[in-house]
Amino acid sequence: MTVLSATSSPSPSAENDPIRNDHRRDRRYLAMGERYAEAAVRLSRCGSIGGVREPFLMLVAHALELSLKAVLSHQGHDEERLMAIGHSLERCHRQAVKGGFHPKDRTGLATLVEALDQPHAFQAFRYPQILGWTLPDAARGIAPLVDHLEAVKLLLDTTDRPTPE
């Protein structure tokens, strides 16, 4: 993941935007996941996450979901299957590993997925709910996320997809 500075240029123009123009679904999913991760990284640099913890964790969880779905797409899952999985980080993670994905930091990623799975699946970071889950320390979510995104990018750049889209 390329981490942008606070003064970096805005999003790519439409003609250079990988989300709009890349014909490979896996790369589009990863590009969108990287944008959510970038927002989380920038927010984490502002100091205390305390007052914006739920939105921050939503950014991290959604970046994980999109990047795991990039792996699944790369492994040959079609759009219908990706949608059927829903927002379950645990199911996405399990299917990606079952399909041969090897996370850079297995323990860190698994811990983050486990902590965010239920609240993300129930959209508890998006709506005013009483959270019944123990949430991870926000600051500790960035390193496993960045490591994971690097592993996904490497996978997409260095391995062939099983079937063309």
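**Figure 1. His148 sits in helix H7 of this predicted model.** Helix H7 covers residues 142-158. Is His148 buried or exposed? The relative accessible area of His148 is 2%, so this residue counts as buried. Look for what surrounds the side chain. Setting aside residues up to four places away in sequence, His148 touches Leu64, Ser67, Leu68, Phe101 and Leu109.

**Figure 2. Helix H7 has many buried residues, and His148 is one of them.** The others include Ile142, Pro144, Leu145, Val146 and Leu149. Further along come Ala151, Val152, Leu155 and Leu156, also buried. Which helices do these residues pack against? They pack against H2, H3 and H6. The length of H7 can be checked too. With 17 residues at 1.5 Å each, H7 should span 24 Å. The end C-alpha atoms of H7 are 24 Å apart, so the two values agree.

**Figure 3. Helix H6 has a kink at Ala115.** The kink is about 30°. The proline Pro119 comes shortly after Ala115. How far apart are the end C-alpha atoms of H6? They are 21 Å apart, whereas 16 residues at 1.5 Å each should span 22 Å, which agrees. Helix H6 runs over residues 106-121.

**Figure 4. Buried residues of H6 are covered by other helices.** Both Ala115 and Pro119 are buried. Gly108, Leu109, Leu112 and Val113 are buried as well. So are Leu116, Asp117 and His120. The cover includes helix H3 (53-74), H5 and H7.

**Figure 5. Gln123 has a positive phi after H6.** Gln123 lies in the loop between H6 and H7. Its phi is about 55°, although Gln123 is not a glycine. Most residues other than glycine have a negative phi. How exposed is Gln123? With a relative accessible area of 22%, Gln123 counts as partly exposed.

**Figure 6. The largest nonpolar core has 40 residues.** Which residues have the most contacts inside this core? They are Phe56, Leu64, Phe101, Leu116 and Leu145. Helix H2 (25-44), H3, H4, H5, H6 and H7 each supply at least two residues of the core. The largest share comes from H3, with 13 residues. In soluble globular proteins, nonpolar side chains tend to be buried together.

**Figure 7. Leu64 links up with residues distant in sequence.** Neighbours within four places in sequence are left aside here. Leu64 is in contact with Leu89, Leu109, Leu112, Val113 and Leu116. Leu64 also contacts Leu145 and His148. Of these partners, Leu109, Leu112, Val113 and Leu116 are buried residues of H6. Leu145 and His148 are buried residues of H7.

**Figure 8. Cys92 is a buried residue of helix H5.** The relative accessible area of Cys92 is 0%. What does Cys92 contact, apart from neighbours within four places in sequence? The contacts are Leu68, Lys69, Leu72 and Ile85. Cys92 and Val71 are 21 residues apart in sequence. In space, their C-alpha atoms are 8.9 Å apart.

**Figure 9. Gly86 lies in the loop between helix H4 (79-85) and helix H5 (89-98).** Neighbours within four places aside, Gly86 is in contact with Glu65 and Lys69. Lys69 is also a contact of Cys92. Gly86 and Ala121 are 35 residues apart along the chain. Their C-alpha atoms are separated by 7.6 Å.

**Figure 10. Arg24 and Asp26 form one of nine salt bridges in the structure.** The N to O distance between their side chains is 2.7 Å. Are the two partners buried or exposed? Arg24 counts as buried at 13% relative accessibility. Asp26 is buried too, at 0%.

**Figure 11. Glu38 and Arg42 form a salt bridge.** The N to O distance is 3.1 Å. Why are these residues about one helical turn apart? They are four residues apart in helix H2, hence that separation. Glu38 is buried at 6% relative accessibility, whereas Arg42 is partly exposed at 32%.

**Figure 12. Lys153 and Asp157 form a salt bridge.** The closest N and O atoms are 3.2 Å apart. The partners are four residues apart in helix H7, so about one helical turn separates them. Lys153 is partly exposed at 36% relative accessibility, and Asp157 is partly exposed at 40%. Salt bridges with shared partners join Arg27, Lys153 and Asp157 into one network.

Terms used:
Residues are numbered from 1 along each chain as its sequence is written. This is a predicted model: local features need pLDDT of at least 70, side-chain atom pairs count only at pLDDT 80 or more; totals for chains, interfaces and linings use all residues. Side-chain values use heavy atoms; hydrogens and water are left out. Buried means under 20% relative accessible area, exposed over 50%, partly exposed in between (1.4 Å probe, protein chains only). Contact means heavy atoms within 4.5 Å. The expected span of a helix is 1.5 Å times one less than its number of residues. The bend at a residue is the angle between axes fitted to the seven residues ending there and the seven starting there. A nonpolar core is a set of buried Ala, Val, Leu, Ile, Met, Phe, Trp, Tyr and Cys residues joined through side-chain atoms within 4.5 Å. A salt bridge is a side-chain nitrogen of Lys or Arg within 4 Å of a carboxyl oxygen of Asp or Glu.
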